[in-house]
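Hi there,

Here is the structure I promised to pass on. Please open it in your viewer, and then read on for what I found.

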Amino acid sequence: MEVDRVGAPVIEAGPAGERQAVVFVHGNPGSRLDWEDLVGRCGDVGIRAVAFDLPGFAQADKPGDFPCTVPAYASFIEGARRQLGIDTVHLVLHDFGGPFGLAWAATAPDAFASVVIVNAPPVSGYRWYPLAHVWRTPVAGELLHLTLVRPTFDAITRRGHPRGLPQAFLDRMWHDYDRGTQRTVLKLYRTTDAARMVPAPPEVFRALGRPARVVWGMHDVYIPTRFAERHREAFPNAEFISLPDSGHFALADDPESVARAVIPFLQRVTAS
């Protein structure tokens, strides 16, 4: 698809043309293929599901003039929704996809129907981890990328995953982390305030009262478990499911447990 002259590949399953759909939003550094298993499982149970690469990441276009701000990504999600013919959206969000998706939801409450949050920052009150501080620092972030080699990348990505991560997942992430994506990451982290990731207060989401489920890999070293609880500020009635042997990339280290946590919830909210 193309949104505002930015091309992005899409994967989709389920009833073609259905106006209600699950929209999966990846994080950093992620891609639509992070969601391939869950998109397919949604299709298997008759739910339309879509996932797409976001500007600057994976195989999407990486224009140098894209703002790389949370509101800009929210605007892209809205353009994608219209492009794909979706009226009712059930969000599934991971990592920075959390702020992207929730920023969109705050601007499109009539289309926003429910949310699943998988290891993503809360609406407000988050704090950066050490690597994020490096990315946010001029010169230091550029030097990190100039000297980045595969063993270092793998070591950083594997942290906090007792089960380990599939080699194919690491290979794809490394392949996608090219110069364009590196530039995107620096711009994104330097334009985002950790304390207020979403440009809307938690009260906005409390007032909407949408169904929510929070799924958390408990060994996450980037968004520690204490931040999972902060999602209650925006979604006080959220259902919480802990994955005790998983880390930040639970989608990859334990896809079966993630599917058991996500698919029944999606079946329930799409049926209602």
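How are α1 and α12 oriented to each other? Before I get to that, a word on conventions. This is a predicted model, in which local features need pLDDT of at least 70 and side-chain atom pairs count only at pLDDT 80 or more, while totals for chains, interfaces and linings use all residues. Residues are numbered from 1 along each chain as its sequence is written, and side-chain values use heavy atoms, with hydrogens and water left out. Helices (H or I, at least four residues) and strands (E, at least two) are DSSP runs, numbered from the N terminus.

**Helix pairs**

Now the answer: α1 and α12 are oblique to each other, because their packing angle of about 40° is in none of the other classes (under 35 degrees is roughly parallel, over 145 roughly antiparallel, 65 to 115 roughly perpendicular, and the rest oblique). Helix α12 covers residues 255-271, and its axis runs 10 Å from that of α1. For these values, axes are lines fitted to C-alpha atoms, for helices over the stretch in contact, and angles run from 0 to 180 degrees between N-to-C directions. The crossing of α1 and α12 is right-handed (the near helix is turned clockwise from the far one by less than a right angle; anticlockwise would be left-handed). On the α1 side the contact (heavy atoms within 4.5 Å) is made by Asp 37, Leu 38, Arg 41 and Cys 42. From α12 come Pro 255, Glu 256, Val 258, Ala 259, Val 262, Ile 263 and Leu 266.

In α12 you will also find Ser 257. Ser 257 counts as buried at 14% relative accessibility (buried is under 20% relative accessible area, exposed over 50%, partly exposed in between, with a 1.4 Å probe and protein chains only). The side chains of Ser 257 and Arg 260 are joined by a polar contact of 3.0 Å. By polar contact I mean a pair of N or O atoms within 3.5 Å; within protein, one must be able to donate a hydrogen and the other to accept it, and residues adjacent in sequence count only if both atoms are side-chain atoms.

A second pair is α2 (residues 70-83) with α3 (residues 97-107), packed at about 65° with axes 8 Å apart. These two helices are therefore roughly perpendicular to each other, and their crossing is right-handed. Helix α2 contributes Val 70, Tyr 73, Ala 74, Ile 77, Glu 78 and Arg 81 to the contact, and α3 contributes Pro 99, Phe 100, Gly 101, Ala 103 and Trp 104.

**The sheet**

Next, an open sheet of 7 strands, with mixed pairing and the order β3-β5-β4-β6-β7-β8-β9. Its edges are β3 (10-13) and β9 (239-243), each with a single partner strand, so one side of each is left without a neighbour in the sheet. On average, neighbouring strands are turned by 15° against each other, direction ignored. Helix α1 packs on the sheet, where it touches β3, β4 and β5, and its direction makes about 30° with that of β3.

Strand β4 pairs in the parallel sense with β5 (residues 49-52) over 3 bridges, and likewise in the parallel sense with β6 (residues 88-94) over 6 bridges. Two strands pair if DSSP finds at least two bridges between them. Phe 24 stands opposite Ala 51 in β5, and Gln 20 stands opposite Thr 88 in β6. Of the 6 residues of β4, 5 are buried, so this strand is largely enclosed by the rest of the structure.

**Three more residues to look at**

- Tyr 189, in helix α8 (residues 179-190), is buried at a relative accessible area of 2%. Its side chain has a polar contact of 2.9 Å with that of Tyr 129. Not counting residues up to four places away in sequence, Tyr 189 touches several residues, including Asn 28, Phe 96 and Trp 128.
- Pro 29 sits in the loop between β4 (20-25) and α1 (36-44) and is buried at 16% relative accessibility. Beyond its neighbours within four places in sequence, Pro 29 is in contact with Phe 57, Met 173 and Tyr 177. The C-alpha atoms of Pro 29 and Gln 182 are 9.0 Å apart, with their positions 153 residues apart along the chain.
- Asp 154, in helix α6 (residues 150-158), is buried at 9%. A polar contact of 2.7 Å links its side chain to that of Arg 150.

Enjoy exploring, and best wishes!
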